[in-house]
Amino acid sequence: MSPRRMLSVAGEVLAIVVVVALVAGQALGYPVLLGFVETGSMEPTLNPGDGFVAIPTAIDGDVEEGDVIVFRAEQIQGGGLTTHRIVGETERGYVTRGDANPFTDQDGNEPPVKDAQIVAKAWQVGGSVVVIPHLGTAVMGLQSAVTDTQRTLASVTGSRSLLGTQGLTYLLLGLSVLLYLFDLFVTDGTDRDRSRSRSRDRGLSSRVIVAGLAALIVLTATASMVVPAGTQEFGVVSADFDSKNPTIIRQGTAESLTYRVPNAGVVPVVVYLTPASEGVETTPERLRVPGRSSANATLTLSAPPETGYYRRYVSEYRYLAVLPPSVIDACYRVHPWLPIFVVDAVIGVPFYLFGMSLVGSGRLRSRSRSRDGVSTLRRLLRRYG
């Protein structure tokens, strides 16, 4: 392979990684590999619209003073993901501040940030954040255009399934199919004489098309496991009196409440409930929830001897039950993300192999056809029809 071809392939791979990371981040609700800021609170480190490399805390959860983190705020701008720097640490959590702000978030109404709230940290080299200029500006512009398109199509068709992440998947799949059909029928026979002189190795590889469709399936499966999961917060009041409210607990005692785990999909899921802070116990720790159903667990929340308001966290991990429970257990004990990768492989690899068995390993060419002018689709119809 020539150096020019190697650079071209590397550029294509980089573009695919960027697109997949951004789409996955939008689907999962937090940055995956790439993030960006929308406001000027982190100037001059990050200007509005600048991007950065985001390392999920599930991969590297070791944060310290000086790190720029992405966390789920409770009060800042009404709550939601916020990108600020850790400037201190107390017994109750981390103290954070935007580089452009004269005061810390905790000087306002934001409580100290707990580890369970942190979803990612910005990659730093030599103490400086690696900045990707204008990444967020481009993403927000593209996101706005895609959202407008989804709303228009949903309005024309009267289907709400074209909205949100699910609708984005449908649009990408539909666009792929339309482009392929255009290649087969609209350009069939066009410039045939000229195309016969072209090299047979030109055109879009069928492996790329099948791999793209497999990636869409895997992305959908990943979203179905990650989006409904996450970390849940419970506010506990340690009081010097008894109450019927299960989150108002007499100091130094504990109360139990029911934790409902729904499954809106048709595939059963295996759910793990793990305490993400002190003062929490879960029973059972693992649940199997059938499709279109729900299951209940019991949370036991403890109040410290000192009166006051305290936050308790429970992390929920869920996986499609396409593997034996023992395999999921073994993978989960290694790392909570490992079952997701294994499930994605179990779904994506057979889909890819099946697709390749149908279309073959050649190239799909918009101009270059076989000598008898017969398209790939027609050959498939002859073969399997």
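**Notebook: helix 6, salt bridges and a charged patch**

I began with helix 6 in this predicted model, and I found its buried residues packing against strand 14 (269-275), strand 16 (286-289), strand 18 (308-320) and helix 7 (338-359). The buried residues of helix 6, which spans residues 325-334, are Ile328, Asp329, Cys331 and Tyr332.

I then followed the charge in that set: the side chain of aspartate 329 meets that of arginine 286 in a salt bridge, at 2.6 Å from N to O. Aspartate 329 lies in helix 6 and arginine 286 in strand 16, so the pair ties together parts that are 43 residues apart in sequence. I noted aspartate 329 as buried because its relative accessible area is 18%, under the 20% cut-off, whereas arginine 286, at 38%, is partly exposed.

Looking for further pairs, I counted six salt bridges, among them one between arginine 311 and glutamate 74 at 2.7 Å, N to O. Since arginine 311 lies in strand 18 and glutamate 74 in the loop between strand 3 and strand 4 (80-90), this bridge ties together parts 237 residues apart in sequence. Arginine 311 is buried at 6% relative accessibility, while glutamate 74 is partly exposed at 21%.

Turning to the surface, I looked up a negative patch formed by Asp62, Glu64, Glu65, Glu89 and Asp115. Aspartate 62 sits in the loop between strand 2 (51-56) and strand 3 (68-73), and I recorded this residue as exposed, with a relative accessible area of 54%.

For the chain as a whole, I noted eight helices and 19 strands, with buried residues making up 36% of the 385 residues.

Notes:
Residues are numbered from 1 along each chain as its sequence is written. This is a predicted model: local features need pLDDT of at least 70, side-chain atom pairs count only at pLDDT 80 or more; totals for chains, interfaces and linings use all residues. Side-chain values use heavy atoms; hydrogens and water are left out. Patches are made of residues with over 30% relative accessible area and no salt bridge: like charges are joined within 9 Å, nonpolar side chains (Val, Leu, Ile, Met, Phe, Trp, Tyr) within 5 Å. Accessible areas come from the Shrake-Rupley method with a 1.4 Å probe; for residues, only the protein chains shown count as cover. A salt bridge is a side-chain nitrogen of Lys or Arg within 4 Å of a carboxyl oxygen of Asp or Glu. Lys and Arg count as positive and Asp and Glu as negative; His and the chain ends are not counted. The place of a charge is taken as NZ of Lys, CZ of Arg, CG of Asp or CD of Glu. Helices (H or I, at least four residues) and strands (E, at least two) are DSSP runs, numbered from the N terminus. Buried means under 20% relative accessible area, exposed over 50%, partly exposed in between (1.4 Å probe, protein chains only). Contact means heavy atoms within 4.5 Å.
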